[in-house]
Amino acid sequence: MKISFVKPGLPATGTVVVGVLAKGTLTKSAAALDRQTGGAIKRALKAGRFEGNKGQSLSLVAPAGTRLDRILLVGLGKPDEIAVAEMENLGGRIYAETQRDKSGAVAVAVDHVPGAGLSAPESAARLAYGARLRSYRFDKYRTKEKAADKPSLRTLAFQVEKFDVAKKSYATLDKIANGVFFTRDLVSEPANILYPAELAKRSADELKKLGVKVEILGEAQMKKLGMGSLLGVGQGSIRESKLVVMTYNGKGAAARREQPIAFLGKGVCFDTGGISIKPAGGMEDMKWDMGGAGVVVGLMMALAGRKAKVNVVGIIGCVENMPGGNAQRPGDIVTSMSGQTIEVINTDAEGRLVLADALWYCKERFNPKFMVNLATLTGAIIVSLGAQYAGLFSNDDALSDKLTKAGQKIGEKLWRMPMGAEYDKELNTDGADMKNIGGRGGGSIIAAQFLQRFVEKTPWAHLDIAGVTWSKSDAPTVPKGGTAFGVRLLDQFVTDFYEG
Ligand code: BES
Ligand code: MN
Ligand code: ZN
């Protein structure tokens, strides 16, 4: 699908999309089409329930007085409701409604609306962004899908007076979408294809093109560093564990000495549970247990792609958690890079073991301003928050507020969860410095307490994204499947608080 921004002027054929405001108030383009069709739009408004409200749409097929295939009326709601998220969602809905149109050519008229919360060119850019985000498809393994069943939309043209302004604004959003798509690709790949070395390689290949420095540490190097916690998780797999370290310096030479900001991700390419093996039902979901790592890689792509003015480190711990003759056993005691020893009571609580070494390594090597990690860490967070919010755990109120605000803005919502010494206590054990699970309640919090033992005083936030990484139904800008939740949120977070 080719997205373009062009001068207003209704095309002769294909599909035309025009907006209608609340109470059936026609935009300029809708009024022009109404005249051209001998009043068909006004009659349609009278005949049906479409009133121009947000989320509403109405099709006029083969309208008389034109050679168009159809006119798609979309509701804009009240002018002051025309804002960033609404326009992105509308763009997504327009894509979903027109993706199978036979002509393959869709033009969207974007009018200036007096009193709107967003200018026309900015609306056009956000509509286009929403459409692109919705157009994602992971279909590389579908060899028998008929052409007629695939999306046929070829050109999506946004008509707006200041089309060059819209185009420029969209150029940045398009780079973020590239990051979102890369994350969705990684998360969607099955584990026989995307094992730790492959995740590392694909990340390196794509990010190097954008000027990101990428180092891949193998098991020998991690052993030298003393990463017994991470290595224990991967030791039952025939696939080698990898630690990928990505650095992007967008601030230029002058700021080389400034502390970077850091993002880390859990990259468990498949989580069988290990010897504490998971039940069979739904285990296939554990191919996306590398979702946190996928987000970090996609975020690096977005930031480098749009040349963000920030110095940032991305670190992902890539392992496969398998049972096997050499697998870690319940009761094993491992020594982490921090020197702290861990009794592995349950080999299925593996994500925290991977992140423990990644966090410590990051802190020691980079002394970052803060660390934000993402992980599909616990089933318990799904019980707590469902798929509407990701869990936020942090030792820093200011950092939490910034993350929450950024999420609110772009529609990836975070809910801060409590932490404290009473929860932390549950990790104590007699034979080692800590065990890797606690009692029955508050599983997500105890997991966060475990991570906190590896960050010391560094400002830190942990996003438990187990409930939001994979979606079973379509949303306006997020088709079902891998969501890439976190890429847009953290890109906005960087834009609003750490650039310049
Ligand atoms: N990867 C899982 C968490 C998960 C569950 C992610 C469902 C996405 C969907 C994690 O490694 C895990 O197995 N956690 C255990 C922890 C328990 C053993 C303390 C869990 O949540 O059951
Ligand atoms: Mn697990
Ligand atoms: Zn896991």
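Hi everyone. Before we look around, one definition: helices and strands here are DSSP runs, at least four residues for a helix and at least two for a strand, numbered from the N terminus. Keep in mind, too, that this is a predicted model.

With those names in hand, let's start at Ala 484. You'll find Ala 484 in the loop between β20 (481-482) and α15 (487-497). Ala 484 is not a glycine, yet its phi is positive, about 65 degrees. For background, most residues other than glycine have a negative phi. Is Ala 484 buried or exposed? Its relative accessibility is 4%, so Ala 484 counts as buried.

Lys 307 also has a positive phi without being a glycine, in this case about 55 degrees. Look for Lys 307 in the loop between α9 (291-305) and β11 (311-321). Lys 307 has 63% relative accessibility, so this residue counts as exposed.

Now let's move to the metals, beginning with the zinc ion, ligand 3. Which protein residues donate to the zinc ion (ligand 3)? They are Lys 266 through NZ, Asp 271 and Asp 289 through OD, and Glu 350 through OE, at 2.0 to 2.4 Å from the ion. Along the chain, these donors of the zinc ion (ligand 3) are spaced as K-x4-D-x17-D-x60-E. The pair Lys 266 and Glu 350 links distant parts of the chain: Lys 266 sits in strand β10 (residues 261-271), while Glu 350 is in the loop between β13 (341-344) and α10 (351-366), 84 residues apart. Lys 266 counts as buried because its relative accessibility is 2%, and Glu 350 counts as buried at 1%.

What about the geometry? The zinc ion (ligand 3) has six donor atoms with angles of 78 to 174 degrees among them, and its site is octahedral. For comparison, the ideal angles for six octahedral donors are 90 or 180 degrees.

Next door is the manganese ion, ligand 2. How far apart are the manganese ion (ligand 2) and the zinc ion (ligand 3)? They are 3.2 Å apart, and Asp 271 coordinates both. The protein donors of the manganese ion (ligand 2) are Asp 271 (OD), Asp 348 with both its O and OD, and Glu 350 (OE), at 2.1 to 2.2 Å. Their spacing along the chain reads D-x76-D-x1-E. Why is this arrangement irregular? The six donor atoms around the manganese ion (ligand 2) subtend angles of 71 to 167 degrees, which makes it so. As for Asp 348, this donor is partly exposed, with a relative accessible area of 22%.

That brings us to ligand 1. There are 17 residues around ligand 1, and the ones that come nearest are Lys 278, Asp 289, Asp 348, Glu 350 and Gly 379. By class, the shell around ligand 1 holds seven charged, six nonpolar and four polar residues. Let's go through some contacts. An oxygen atom of ligand 1 lies 2.7 Å from an N or O atom in the side chain of Glu 350. For the side chain of Lys 278, the corresponding distance from a ligand 1 oxygen is 2.8 Å, and for that of Asp 271 it is 2.9 Å. On its own, ligand 1 has 520 Å² of accessible area, and the protein covers 77% of that.

Last stop, the start of the chain. Met 1 is in the segment before β1 (2-6), and Met 1 is partly exposed, at 41% relative accessible area.

Thanks for listening!

Conventions. Residues are numbered from 1 along each chain as its sequence is written. Chains are lettered from A and ligands numbered from 1 in the order in which they are written. This is a predicted model: local features need pLDDT of at least 70, side-chain atom pairs count only at pLDDT 80 or more; totals for chains, interfaces and linings use all residues. Side-chain values use heavy atoms; hydrogens and water are left out. Donors are N, O and S atoms within 2.8 Å of the metal (3.2 Å for Na, K and Ca); water is not among the atoms, so sites may look incomplete. Four donors count as tetrahedral if all angles lie between 85 and 135 degrees; four count as square planar and six as octahedral if opposite donors are over 155 degrees apart and all others between 65 and 115; anything else is irregular. Buried means under 20% relative accessible area, exposed over 50%, partly exposed in between (1.4 Å probe, protein chains only). A residue is near a molecule or strand if one of its heavy atoms lies within 4 Å of it. A polar contact is a pair of N or O atoms within 3.5 Å; within protein, one must be able to donate a hydrogen and the other to accept it, and residues adjacent in sequence count only if both atoms are side-chain atoms. Accessible areas come from the Shrake-Rupley method with a 1.4 Å probe; for residues, only the protein chains shown count as cover. Ala, Val, Leu, Ile, Met, Phe, Trp, Tyr, Cys and Pro count as nonpolar, Asp, Glu, Lys and Arg as charged, and the others, Gly among them, as polar.
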